[in-house]
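Visitor: I have not seen this structure before. Could you walk me through it?

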Amino acid sequence: MKSLFQINFKTPFLTMLLIMTSVLVAKAQDSRIQMASLDHLASKASQTVDVNIDERLMKMAAKLFSDRDADEREVKKLIVGLKGIYVKSFEFETDGQFVAADLEPIRTQLRGTGWTKMVNVTSKKEGSVEVYLQFIGENVNGLAVLVTDDKELTVVNIVGPVNLDKLAELEGQLGIPELGIESSKTKKKNNEQ
Amino acid sequence: MNDDYLWDKTGEPDPQIQKLEEILGTLRYEPKPLEIPESLPLPQRRNYFPWIAIAASLLLAILAAGIWLSTRSRGETPPQQASVAPLGSPEEKTPPATDRKTPEPKPDFHEGLLVVHKPRRKSSTPALSKQEREEALIAKEQLMLALRVTTEKLSLIHKKTQNTNPANQIKNQHRAG
């Protein structure tokens, strides 16, 4: 029986295993984070922002950005190549409307392969902020931001090659607040001076 | 010579025929099963089952990938060549020129229906149907909202990291003079 298995089933079994492994690896490289576990907080929140833009909507929206307007051109450059932007933000009127366990499913995903925690600031008074980046080789393939406060919870997930320099260049444009982040080019200029 | 012996074995047999009968009689049919000597090598049948199984697995995988890709790209807009200016674009905001040399659209009465042929305006953006344009406008608004929230939070993070990192504070003090 063993020899029969080895002859007849070993090769196709290994082939199927290879296919399944490659599918799983491809899925693991996807930087989309599932945020459905936070949906129940919407009923408690006084203000909710829920943005789900997939690749199709991103391409459609990109068509509406004018090439003649400098600001819109910059945004268009930023979103080219992105596969999605997902934001969930909740503001509460009172403290303690959410617990750490609510964020645990998201943190579990971010502990997965490819994600690197770049920033982690925890403060008892001002809450905590975490920034994660997913790399493929040397290129950024995804961004995740977790911001928690006593009365606020925000999760941002950008899927695709995020250009942080271009994101920094958006500051002050189209109502986007100034970040105070220096891009690599301006840093170089400053250093030369 | 009597040939009856050759037909029905009657009559006197010919000695030559009898001799032939003896010689060829050893090859006479005997009702017993065929015996193949064990030493004779049997031709081995090739087992094609693993290859067929591999081919079937690959075919299934390709089929599944095809279905997945088709369902994924079903919602995507097909490439269109015609062009229409989007809502809110600078081109639409400009009033229609009255001193243009292009002829005024002439009304065309066709089977009781008034059809007006309007000259097409050139635009850099690809054409979107009315529903798609509405969807795209909502997507654009959502996108801007998402970017605002993202940059706002990154700004907050930037401030927090600057406050917590004493080295940065020293740097900033140095820059401030």
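Guide: Certainly. This is a predicted model. We may begin with a hairpin in chain A, where three residues link S3(A) to S4(A).

Visitor: How many bridges join S3(A) to S4(A)?

Guide: There are eight bridges, and the two strands run antiparallel. One facing pair is Thr122(A) with Ser128(A), the latter in S4(A).

Visitor: And what comes after S4(A)? Which residue in its hairpin with S5(A) has a positive phi?

Guide: That residue is Gly137(A), with a phi near 70°, in a hairpin that has two residues between S4(A) and S5(A). Nine bridges hold S4(A) and S5(A) in antiparallel pairing. For example, Glu130(A) has Leu146(A) in S5(A) as its bridge partner.

Visitor: What about S5(A) and S6(A): how many bridges are there?

Guide: Strand S5, residues 139-148 of chain A, and strand S6, residues 152-159 of chain A, are paired by seven bridges, in the antiparallel sense. A hairpin of three residues connects S5(A) to S6(A). Val145(A) faces Val156(A) in S6(A), and Val147(A) faces Thr154(A) in S6(A).

Visitor: Is S5(A) mostly covered or uncovered?

Guide: S5(A) is mostly covered, with seven of its 10 residues buried.

Visitor: Now the whole sheet, please. What is the strand order?

Guide: The order in chain A is S1-S2-S6-S5-S4-S3, an open sheet of six strands with antiparallel pairing. Strand S1 (47-54) and strand S3 (115-123) of chain A each have a single partner strand, so one side of each has no neighbour in the sheet; these two strands stand at the edges. On average, neighbouring strands of this sheet are turned by 5° against each other, with direction ignored.

Visitor: Where do the side chains point in such strands?

Guide: As a general rule, side chains in a regular strand alternate between the two faces of the sheet.

Visitor: Which strands does helix H3 of chain A lie across?

Guide: Helix H3, residues 55-63 of chain A, lies across S1 and strand S2 (84-91) of that chain, and runs at about 90° to S1(A). Helix H5, residues 100-110 of chain A, lies across S3, strand S4 (127-136), S5 and S6 of chain A, at about 155° to S5(A).

Visitor: Changing topic: how many residues are in the largest nonpolar core?

Guide: That core has 44 residues. Those with the most contacts inside it are Ile53(A), Ala61(A), Ile85(A), Ala144(A), Val145(A), Leu143(B) and Ala146(B). The element that gives the most to this core is helix H5 of chain B (residues 130-164), with nine residues. In soluble globular proteins, nonpolar side chains tend to be buried together.

Visitor: What is Ala61(A) in contact with, neighbours within four places in sequence aside?

Guide: Ala61(A) is in contact with Ala136(B), Ala139(B), Lys140(B) and Leu143(B).

Visitor: Then tell me about chain B. How many helices and strands does it have?

Guide: Chain B has six helices and two strands. Along the sequence, the pattern of chain B reads α-α-α-α-β-β-α-α.

Visitor: How much of chain B is buried?

Guide: Of the 177 residues in chain B, 9% are buried. As for contacts in chain B between residues at least 6 apart in sequence, 48% of them join residues at least 24 apart.

Definitions and conventions: Residues numbered from 1 in each chain as written. Chains lettered and ligands numbered in written order. Predicted model: local features only at pLDDT ≥ 70, side-chain atom pairs only at ≥ 80, totals over all residues. Pairing = 2+ DSSP bridges. Helix = DSSP H or I, 4+ residues; strand = E, 2+ residues; numbered from the N terminus. Axes fitted to C-alpha atoms, helices over the stretch in contact; angles between N-to-C directions. Contact = placed C-beta atoms within 7 Å. Buried ≥ 20, exposed ≤ 12 C-beta atoms within 10 Å, placed from the backbone. Core = buried A, V, L, I, M, F, W, Y, C linked by C-beta atoms within 7 Å.
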